[in-house]
Number of protein chains: 2
Amino acid sequence: MAITRKGEVRRTALLEAVVRVLEREGPTGVTHRAVAAEAGVPLAAATYYFANLDDLLVSALTLATQQQVALIAGLGAWDIPGVARLLFDVTHGNRAAAIAQYELLFLAMRRDSLRPAADLWYRTLEDAVNQRVSDPRAARVIALAIDGLLLRMLWTGEPSTQESIEASLRDILRA
Amino acid sequence: MAITRKGEVRRTALLEAVVRVLEREGPTGVTHRAVAAEAGVPLAAATYYFANLDDLLVSALTLATQQQVALIAGLGAWDIPGVARLLFDVTHGNRAAAIAQYELLFLAMRRDSLRPAADLWYRTLEDAVNQRVSDPRAARVIALAIDGLLLRMLWTGEPSTQESIEASLRDILRA
DNA sequence: AGACGAATGGTACAAACGTACCAGACTTTG
DNA sequence: CAAAGTCTGGTACGTTTGTACCATTCGTCT
């Protein structure tokens with residue numbers, strides 16, 4: 001955590017609250033008041049640390065992306081069971097949070113200032129695959145398919161078991 | 001078009017206005033007033049035809065999905081140049097609309113009543129690929145990768161030319 | 001033609017919103 | 001320890017929101 005100046009604690013508490021509100025209420029539920037209440041701080045704190053709502057959302061995405069990237073980068077064994085477990089955890093154990101992450105990423109489509117965060121996410125995924133697959137073009141396709149699989153799992157819930165995820169991954173890797 | 005009872009015209013005008021507002025303002029911009037103004041009808045019409053905002057959004061997704069599905073199903077030649085042109089049109093010629101579609105689809109993640117619409121979208125894409133690829137497991141992977149590619153193009157803008165899209169598709173199909 | 005339900009559009013209102021302000025309490029710096 | 005800065009939290013204001021209401025007009029049946 002390093003030497004957090006006092007205010008930094010509140011600042012990140014607010015950013016993490018954004019994701020939780022997003023989980024619960026969706027994009028339209030993210031208001032100064034809702035986020036402040038979720039973080040357990042007075043309304044004025046939300047306006048003090050972030051110039052406006054946009055700033056709050058942009059900062060939340062930046063933080064959330066970094067956390068997600070760290071999660072992927074920190075995954076030691078990039079093998080099929082390991083990835084399957086990660087995917088399972090993300091889409092089933094923590095589904096709402098994963099949806100919130102993607103909703104934040106969608107914000108990036110509208111704002112050029114968020115483009116770097118989106119790029120970082122994609123590059124991380126591709127680099128991770130590249131670590132295991134020699135052919136870079138094949139790695140790119142695999143990364144695309146895994147991303148598609150992740151979304152599909154969020155949408156339809158399928159595949160729903162760790163075993164079937166592994167089967168899907170094996171299908172993808174046969175390229 | 002069929003025999004549209006008078007009110008049906010306004011109803012669908014409102015639903016199409018939802019997508020346009022979504023394009024312009026994002027999810028938080030979709031209000032009764034904004035949609036009514038976009039459709040050129042008085043505010044009361046929006047509350048008359050749709051019980052509440054949720055109903056309006058849900059109905060808009062259902063209509064938009066059907067349109068998108070018809071677009072894909074109506075694509076005659078399911079070959080690489082044809083798909084590349086479709087992808088190019090969707091992500092570059094009509095980027096805002098495509099983003100709006102996905103934003104609506106994200107709503108489906110939160111509402112069980114929208115699950116059928118999301119399922120329909122996926123099944124359509126898979127069926128279309130199945131038409132050309134014999135192995136169903138391979139077809140599924142290809143559909144996932146194409147979906148991932150579509151999203152990636154919306155996010156990062158790459159690949160940006162019709163030729164590079166074709167190249168990506170060839171990479172995907174080499175499975 | 002008359003009747004009756006559907007559709008229209010103007011208006012009203014309480015609630016929630018983004019944002020601004022400010023007096024007081026802490027922290028840091030010299 | 002005093003001064004300068006940062007942080008706190010309560011309050012206020014003008015706007016916009018979802019939704020309700022209602023008198024009127026239109027379309028469709030008997």
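Me: Which residues come nearest to DNA strand D?
Reply: A:Arg10, A:Ala44, A:Tyr49, B:Arg33 and B:Leu53, out of 14 residues around the strand. A residue is near a strand here if one of its heavy atoms lies within 4 Å of it.

Me: And what am I looking at, exactly?
Reply: This is a predicted model, where local features need pLDDT of at least 70, side-chain atom pairs count only at pLDDT 80 or more, and totals for chains, interfaces and linings use all residues. Residues are numbered from 1 along each chain as its sequence is written, chains are lettered from A and ligands numbered from 1 in the order written, and side-chain values use heavy atoms, leaving out hydrogens and water.

Me: Back to the DNA. What lies 2.5 Å from a phosphate oxygen of strand D?
Reply: A polar side-chain atom of A:Tyr49. For A:Tyr48, a polar side-chain atom is 3.0 Å from a phosphate oxygen of that strand.

Me: Which side chain has an N or O atom 2.7 Å from a base nitrogen?
Reply: That's B:Arg33, facing a base nitrogen of DNA strand D.

Me: Which helix gives the most to that surface?
Reply: Helix 3 of chain A, with three residues. Helices here are DSSP runs (H or I, at least four residues), numbered from the N terminus.

Me: How does that surface split by class?
Reply: Six nonpolar, four polar and four charged residues. Ala, Val, Leu, Ile, Met, Phe, Trp, Tyr, Cys and Pro count as nonpolar, Asp, Glu, Lys and Arg as charged, and the others, Gly among them, as polar.

Me: New topic: how much area is buried between chains B and A?
Reply: About 3800 Å², with carbon and sulfur atoms giving 60%. Buried area is the accessible area (1.4 Å probe) that two parts lose on being put together, summed over both.

Me: Which residues lose the most on chain B?
Reply: B:Met109, B:Arg110 and B:Trp155, together 23% of what that side buries.

Me: How many residues does each chain put into the contact?
Reply: Chain A and chain B each bring 34 residues, contact being heavy atoms within 4.5 Å.

Me: How many salt bridges across it?
Reply: Six, by the rule (a side-chain nitrogen of Lys or Arg within 4 Å of a carboxyl oxygen of Asp or Glu). One pairs B:Glu103 with A:Arg110, whose closest N and O atoms are 2.6 Å apart.

Me: Which helix of chain B gives the most to the side touching chain A?
Reply: Helix 8, with 12 residues. By class, that side of chain B has 17 nonpolar, five polar and 12 charged residues.

Notes: Helix = DSSP H or I, 4+ residues; strand = E, 2+ residues; numbered from the N terminus. Polar contact = N/O pair within 3.5 Å; in protein donor to acceptor, adjacent residues only side chain to side chain.
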